[in-house]
Protein chains: 2
Amino acid sequence: MDTKLPIALSNRHIHLSQDDLNILFGENYELTKTKDLSQPGQFACEEKVDIVGPKGTINGVRVLGPIRSNTQVEISVSDAFKLGVKPVIRNSGDIKGTPGVKVVGPKGEVNLEEGTIVAARHIHMHTIDGEKFGVKDGDIVKVKIEGMRSVVFENVLVRVKDNFALEMHVDIEEGNAAGVKNGDLVELIK
Amino acid sequence: MDTKLPIALSNRHIHLSQDDLNILFGENYELTKTKDLSQPGQFACEEKVDIVGPKGTINGVRVLGPIRSNTQVEISVSDAFKLGVKPVIRNSGDIKGTPGVKVVGPKGEVNLEEGTIVAARHIHMHTIDGEKFGVKDGDIVKVKIEGMRSVVFENVLVRVKDNFALEMHVDIEEGNAAGVKNGDLVELIK
């Protein structure tokens, strides 16, 4: 049974709907890929936006592609305090009732009513990995990280799909708190 | 046997030697207390300094009193990356071989040869608490935090002294990664 998998630290970023992309960057705008991400089909873009909350602004937040059905802003707890919005831990896509922010692009701005989340840590894995690790989509597992800042992350959601690549995703604060960097191996505990 | 204790999140700060205080703020300068901290005799000061590293500067870093024998800068891993110094996890006081930074005050500046640490998480407790928790100075324990971001912090140093108040100290990134705020109760596990 496999137990080790790589970890990746996600910095703040935004996913955009086509409607919001049109407003922020201009009608029929298309994203400019700069780099493929580890999850198949996902990519970092040249485009950046500013995120404006009631108490502060974070400039230069990276857009990730491709376009999604709903705009979603993913920030850290520290970012939420800086913006002046409540840090709400959610799984990606589960944005109902989460805080809104203003998003400012070069051609326009969008006032989101909701969609600002602190992403809950999770593991992506391919169906074949699911079999190797003995877990299925939706399982909750623990992940142990060794070292000076050794931690066990509990309450980690496993997401299994045929287009996922094996990787645990945490945000920068979680990664730093555990003393890990991109690509370090961590241990799945059931 | 007690198991619960309060947690506190430490923001970046600096402790100064009298020599460095003199250079930064003027000869025979005395710190101005704004607030007592939870540990007896420790206090936050009105004074702030700028910390300059090879890659960046962090302005307005709070001075904590009283004066210590050696100047010590305590930052997060993110701060270390921003400054461009290696993030080195150390216990307070154990600064040998740690990175140096430049400290800038209103009256002068100091080039530290060492003393920049990311503080290792730890628990302060009074001798009486040590007996209640069944631990002694220098023990390494685990601490469990419940909630959406439930974690177990391993490798937690216990410091027992007659002038310590019961409290676990983590940095902002560790606290946010665990979804806790100042004063939340956490569980000591032996």
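How many Å separate the centres of domain 1 of chain A and domain 2 of chain A, taken over C-alpha atoms? The separation is 24 Å. This is a predicted model, in which local features need pLDDT of at least 70 and side-chain atom pairs count only at pLDDT 80 or more, while totals for chains, interfaces and linings use all residues. Residues are numbered from 1 along each chain as its sequence is written, chains are lettered from A in the order in which they are written, and side-chain values use heavy atoms, with hydrogens and water left out.

**Domains of chain A**

- Chain A is divided into domain 1 (11–119) and domain 2 (121–189), with bounds that come from an automatic or database domain assignment.
- Contact, meaning heavy atoms within 4.5 Å, joins 12 residues of domain 1 of chain A to 12 residues of domain 2 of chain A.
- Between them, domain 1 of chain A and domain 2 of chain A bury about 850 Å², with 46% of it on carbon and sulfur atoms; buried area is the accessible area (1.4 Å probe) that two parts lose on being put together, summed over both.
- The count of salt bridges between domain 1 of chain A and domain 2 of chain A is 0, where a salt bridge is a side-chain nitrogen of Lys or Arg within 4 Å of a carboxyl oxygen of Asp or Glu.

**Two copies and their interface**

- A turn of 180° and a shift of 0.0 Å along the axis lay chain B on chain A with an RMSD of 0.0 Å, superposed by least squares on the C-alpha atoms of residues with pLDDT of at least 70 in both.
- The two copies are therefore related as by a two-fold rotation axis.
- The same surface serves both copies, as 100% of the contact residues of chain B recur in chain A.
- In the interface, 23 residues of chain B are in contact with 23 residues of chain A.
- Chain B and chain A bury about 1,900 Å² between them, 48% of it on carbon and sulfur atoms.
- The interface of chain B and chain A has 6 salt bridges.
- A salt bridge joins the side chains of E154(B) and K144(A) (3.1 Å, N to O).

**Core and cysteines**

- The largest nonpolar core, a set of buried Ala, Val, Leu, Ile, Met, Phe, Trp, Tyr and Cys residues joined through side-chain atoms within 4.5 Å, has 42 residues.
- M168(A) and M168(B) have the most contacts inside this core.
- Among the residues that M168(A) touches, not counting residues up to four places away in sequence, are L5(A), I123(A), F153(A) and V186(A).
- C45(A) is buried, with a relative accessible area of 0%, and C45(B) is also buried at 0%; buried means under 20% relative accessible area, exposed over 50%, partly exposed in between (1.4 Å probe, protein chains only).
- Over all chains, 0 disulfides are found, a disulfide being a pair of cysteine sulfur atoms within 2.5 Å.
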